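Trainee: I'm fine at the bench but shaky with structures. Walk me through how to read one, feature by feature.

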Amino acid sequence: MSKKTIDLKLAVYIATHSSIMSVDHLGEILKLTGKNTPFANLRTKCSSLIKYVLEPSLLEDLVKDIGTSCFSIIVDESTDVSVFEYLCICIKYFSFKDESVNLQFLGIIEVISCTADSLYSYIYDYMQDIGLDLKNLIGIGTDGANNLCGKYNSLFTRLKQISPKLQIVGCICHSLNNAVSKASEKFPSSIDYLCREVYNWLVV
């Protein structure tokens, strides 16, 4: 087995089953398997292979599988420990190759602004870059934030201008949380206190 094949297999394993932070430790162990084993700087090598070889290849296969079929997306914003904001996109579509409905991670976009217009621009540009037509977008799932699914000026209303048949599905967990929070306002404060503290009373 060639060195390149070994490197790629290791990168696939790490991307699938492990954390990139543990790779250097794995490299130290693998060095014991042979005198000239090619595992120096394993974390850097794995990161580069995942980012510049595996990710583009997998994304290309995914886009080809979607083709001109209709699809839905799930979007959510997140902030990492370094306070950078990101927009995560998953995609749901029917795969004629697999003969099943597939839900796949599509990509993650670093964002500076989270206004409806900005998020629309980020998604539009990203879809253009990878070769997916937003006219085939038929559904969007969001967490219920106003900039994502507001009635008048949101990501949903902007996307609906491109795809008039677009439907939106709010996150049931967020909807339930909002409903419970609103309902709890009708309870006496003592009930709210009891619900919040009962766990602490029972846990030793």
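Mentor: Start with the vocabulary: helices and strands are DSSP runs, with at least four residues of H or I for a helix and at least two of E for a strand, numbered from the N terminus. With that in hand, you can place Glu99 in the loop between S2 and S3. Keep in mind that this is a predicted model, where local features need pLDDT of at least 70 and side-chain atom pairs count only at pLDDT 80 or more, while totals for chains, interfaces and linings use all residues. Residues are numbered from 1 along each chain as its sequence is written, and side-chain values use heavy atoms, leaving out hydrogens and water.

Trainee: Okay, back to that loop. What is the phi of Glu99?

Mentor: Near 55°, so to speak on the positive side, and Glu99 is a residue other than glycine. To say whether a residue is covered, we use relative accessible area: buried is under 20%, exposed is over 50%, and partly exposed is in between, with a 1.4 Å probe and protein chains only. At 65%, Glu99 is exposed.

Trainee: Now the overall fold. How many helices and strands does the chain have?

Mentor: Eight helices and five strands. Read from the N terminus, the order is α-α-α-β-β-β-α-β-α-α-β-α-α. For the overall spread, compare the radius of gyration, taken over C-alpha atoms, with the globule rule of 2.2 Å times the number of residues to the power 0.38. The chain comes out at 23 Å, well over the 17 Å that the rule gives for 204 residues, so it is more spread out than a compact globule. Its C-alpha trace spans about 70 × 55 × 35 Å along the principal axes.

Trainee: And how much of the chain counts as buried?

Mentor: 29% of the 204 residues. The surface itself comes from the Shrake-Rupley method with a 1.4 Å probe, and for residues only the protein chains shown count as cover. The chain exposes about 13900 Å², with 59% of that supplied by carbon and sulfur atoms.

Trainee: Let's pick one helix. How far does H3 reach from its first C-alpha to its last?

Mentor: The expected span of a helix is 1.5 Å times one less than its number of residues. H3 covers residues 42–66, which is 25 residues, and reaches 34 Å, close to the expected 36 Å.

Trainee: Where does H3 bend?

Mentor: A bend is the angle between axes fitted to the seven residues ending at a residue and the seven starting there. In H3 the bend is about 35°, at Ile50. Just after the helix comes Gly67, with a positive phi near 60°.

Trainee: Which residues of H3 are buried?

Mentor: Leu42, Cys46, Leu49, Leu54, Leu59, Leu62, Val63, Asp65 and Ile66. These buried residues pack against H1, H2 and H4 among the helices, and against strands S1, S2 and S3. Contact here means heavy atoms within 4.5 Å. By that yardstick, among contacts in the chain between residues at least 6 apart in sequence, 53% join residues at least 24 apart.

Trainee: I see cysteines. How many disulfides does the structure hold?

Mentor: Zero. A disulfide would be a pair of cysteine sulfur atoms within 2.5 Å. Take Cys70: the closest cysteine sulfur, in Cys90, is 19 Å from its own, too far for a bond. Cys70 is partly exposed at 43% relative accessibility, whereas Cys46 is buried at 2%.

Trainee: Next door to Cys70, is Ser69 buried or exposed?

Mentor: Buried, with a relative accessible area of 15%. Ser69 sits in the loop between H3 and S1. Leaving aside residues up to four places away in sequence, Ser69 touches Phe94, Phe96 and Asn136.

Trainee: Give me two more for practice. What does Thr157 touch?

Mentor: With residues up to four places away in sequence left out, Thr157 touches Gly150, Lys151 and Tyr152. Thr157 lies in H6, residues 155–162, and is buried at 15% relative accessibility.

Trainee: And is Asn146 buried or exposed?

Mentor: Exposed, at 60% relative accessibility. Asn146 belongs to H5, residues 146–149. Among residues beyond four places away in sequence, its contacts are Asn153 and Ser154. Its C-alpha and that of Tyr124, 22 residues apart along the chain, are separated by 19 Å.
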